[in-house]
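Me: I'm new to this one and keep tripping over the labels people attach to it. Could you show it to me and let me ask where the labels come from?

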Amino acid sequence: MFFSIPNGTLTVCRDAAGIAGNIFAFGLFISPIPTFKRIIRNQSTENFSGLPYIYALLNCLICTWYGTPLVSHDNVPVMTVNSIGAVFQITYIVTFIVYADKEKKMRMLGMLLTVFGLLAIIVAGSLQIADRATRWIFVGFLSCASLISMFASPLFIINLVIRTRSVEFMPFYLSLSTFLMSTSFLLYGIFNFDAFIYVPNGIGTILGILQLALYFRYQKKSMEESSEPLMVSQA
């Protein structure tokens, strides 16, 4: 039985899964680099959208707050991976703003300020909750909802792949990184008995499997190599 595993073994398994999750997350964080090389090379954001990076930043910031000792117990891997992710997303957003046209630039700046404003409200509001367990549940639900929305964001790409029978906009390494990271944190959440971690990452694992299955099904029908990241605008 799972619950008969000694605590020491559970701790080792949890820490190993957390470290693996941090490593695989790095692959996810660097996946937009080809897009930004293209943006810098062309001195334009073209039809790419900055929204996915805004959503990813908000998710990383909320999950970083959830992982701090002020909110949850012994969730350092969650705090570290999301704080690193936040740095990457801020870098991408700043680069996007630099090369965006005036309209996009102002919109992105407004959304960036909104993200930091929301984080300030969440942090200040949760600190007003004196009961530690209630605070954990409050921030936990927010982080869970944020993670689920982030993992659900590739659904339009999955729909595009099925409709076009092409994996041009769904790179293999991005899908693989998503699957590996989600699976690692799924196990981490299970070993740490934390539903706010294993539920959203379980959904992420399922979606990662679906992306990989679609990739192997349609890769031969794609007319060119997949060189764009998952986070591409529909408009």
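Me: How do you know that the span of α8 agrees with what a helix of its 20 residues should give?

Reply: Take the expected span as 1.5 Å times one less than the number of residues. For α8 that comes to 28 Å, and its end C-alpha atoms are 29 Å apart, so the two agree. Helices here are DSSP runs of H or I with at least four residues, strands are E runs of at least two, and both are numbered from the N terminus. This is a predicted model, where local features need pLDDT of at least 70 and side-chain atom pairs count only at pLDDT 80 or more, while totals for chains, interfaces and linings use all residues. Residues are numbered from 1 along each chain as its sequence is written, and side-chain values use heavy atoms, with hydrogens and water left out.

Me: What does the UniProt record say about residues 172-191?

Reply: The unreviewed UniProt entry lists them as one of its "transmembrane region" features. Such positions are given in the numbering used here, feature names are shortened, and annotations may be inferred rather than shown by experiment. In the model, residues 172-191 are 100% helix and 0% strand. Another listed stretch, 16-36, is 90% helix, with its end C-alpha atoms 32 Å apart.

Me: What makes α3 largely enclosed by the rest of the structure?

Reply: Buried means under 20% relative accessible area, exposed means over 50%, and partly exposed is in between (1.4 Å probe, protein chains only). By that rule 13 of the 17 residues of α3 are buried, so the helix is largely enclosed. Its length fits too: α3 reaches 24 Å from its first C-alpha to its last, close to the 24 Å expected. As for α8, its buried residues include Leu 174, Met 181, Phe 185 and Tyr 188.

Me: Why is Leu 187 called partly exposed?

Reply: Its relative accessible area is 38%, and partly exposed covers what falls between the 20% and 50% limits. Leu 187 sits in helix α8 and belongs to a nonpolar surface patch of about 350 Å², together with Ile 190, Tyr 198, Val 199 and Ile 203. Two elements give two or more residues each to that patch, α8 and α9 (195-218), and α9 gives the most, with 3. A patch takes residues with over 30% relative accessible area and no salt bridge, joining like charges within 9 Å and nonpolar side chains (Val, Leu, Ile, Met, Phe, Trp, Tyr) within 5 Å.

Me: Why do Asp 74 and Arg 14 count as a salt bridge?

Reply: A salt bridge needs a side-chain nitrogen of Lys or Arg within 4 Å of a carboxyl oxygen of Asp or Glu. This pair comes in at 2.9 Å, N to O, so it passes the cut-off. Asp 74 lies in the loop between α3 and α4 and Arg 14 in helix α1, so the pair ties together parts 60 residues apart in sequence. Arg 14 is buried, at 10%, whereas Asp 74 is partly exposed, at 37%. Arg 14 also bridges to Asp 15, with the closest N and O atoms 3.1 Å apart.

Me: What about Arg 107 and Glu 103, how far apart are they in helix α5?

Reply: They are 4 residues apart, about one turn of the helix. Their side chains meet in a salt bridge at 3.6 Å. Glu 103 is exposed, at 61%, while Arg 107 is partly exposed, at 42%.

Me: Why is the pair of Phe 26 and Phe 88 called edge-to-face?

Reply: Rings of Phe, Tyr and Trp (its six-membered ring) pair if their centres lie within 6.5 Å; planes under 30 degrees apart are stacked, over 60 edge-to-face, and the rest tilted. These two have centres 5.7 Å apart and planes at 80 degrees, so edge-to-face it is. The pair links distant parts of the chain, with Phe 26 in α1 and Phe 88 in α4, 62 residues apart. Both belong to a cluster with Phe 29, Phe 36, Tyr 53 and Tyr 92.

Me: What makes the phi of Gln 43 worth a remark?

Reply: Most residues other than glycine have a negative phi. Gln 43 has a positive one, about 55 degrees, although it is not a glycine. The residue lies in the loop between α2 (33-42) and α3, and counts as exposed at 51%. Phe 193, just after α8, also takes a positive phi of about 55 degrees.

Methods
Accessible areas come from the Shrake-Rupley method with a 1.4 Å probe; for residues, only the protein chains shown count as cover.
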